[in-house]
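This report looks at charged side chains that pair with one another. Please keep the sequence and the structure in view while reading.

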Amino acid sequence: MCIRDRLITITGEDVKHLRQVLRLEPGEVIGVFDGTGREYTAELLEVDKNQAVAKVLSSILSETEPKVRVTLFQGFPKGEKMDLIIQKAVELGVYEIVPVLTERSVVQLDGKEREKKGERFNKIAREAAKQCRRAYVPRVISPVTLNEALLLCSKYDKAVVLYENEEKKCLKELLKCYTINKTGEIVLFIGPEGGFSPQEIVKLMDHGFDSASLGKRILRAETAAISVLSILMYEMGELQ
């Protein structure tokens, strides 16, 4: 999509959606999200099989985005679980997603495979953002190692790792220690099947991470991600 001189040019899969699913025609008014946080109201001028052109009538900064930016570092699970995690994380308001290849990740990828996965994951994120009417499309980084992931974690206000063997503090207690409305960015690390190894937990703690559990029951990787993001969004007042 290209926005220039108050004209919006739409190409690719979005044109197919306009023509074949929504069956929109010139003269109709549509809502367009640019993926960076701005929402446009526009009038369709032309629609063909290659592109659609619309005239901008008005634009606003979207109010659908959470005030706190949550970045999910997700231990890479097997099968298609990562697809589900990305989809639901985007719906819940995550800012960015980083798949992490850990010691217990069943899936291990080379450079080309990481790039290919990254392309697929970003497509899933775009579709999820479109479905839930988010004006911002969360970026999904191509899978990285844990050491590479830690290099990306220097700019955040709070950093949390979910650890099933944490006995002193659950997530509820940890969040009581945070002043959510004064927190700009949160990093959340969740392990794959089998969780993080003890060595990985030590490494994360050495980097200043707060450790928390989700209670007495062990959750699947995908359940943990969805549950924790839901809890964070509720505490931030984003589910009211």
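## A pair between two loops

In this predicted model, the side chains of arginine 134 and glutamate 65 meet in a salt bridge, with 2.5 Å from N to O. The two partners belong to distant parts of the chain, 69 residues apart, since arginine 134 sits in the loop between α3 (111-131) and β8 (139-140) while glutamate 65 sits in the loop between β5 (51-61) and β6 (69-75).

Arginine 134 has a relative accessibility of 5% and therefore counts as buried, the cut-off being under 20%. Glutamate 65, at 22%, counts as partly exposed.

## Pairs that involve helices

A salt bridge also joins lysine 81 to glutamate 193, where the closest N and O atoms are 3.2 Å apart. Because lysine 81 lies in helix α2 (residues 81-92) and glutamate 193 in the loop between β11 (185-190) and α6 (198-206), this pair ties together parts that are 112 residues apart in sequence. Lysine 81 is buried, with a relative accessible area of 19%.

Glutamate 148 and arginine 114 form a salt bridge as well, and their closest N and O atoms are 3.2 Å apart. Here the link runs between distant parts of the chain, from glutamate 148 in helix α4 (residues 146-151) to arginine 114 in helix α3, 34 residues apart. Glutamate 148 is partly exposed, its relative accessible area being 34%.

## A network and the overall count

Asp14, Glu127 and Lys130 are joined into one network by salt bridges that share partners. Counted by the rule of a side-chain nitrogen of Lys or Arg within 4 Å of a carboxyl oxygen of Asp or Glu, there are nine salt bridges.

Terms used:
Residues numbered from 1 in each chain as written. Predicted model: local features only at pLDDT ≥ 70, side-chain atom pairs only at ≥ 80, totals over all residues. Heavy atoms only, no water. Helix = DSSP H or I, 4+ residues; strand = E, 2+ residues; numbered from the N terminus. Buried < 20%, exposed > 50% of the residue type's maximum accessible area, 1.4 Å probe, protein only.
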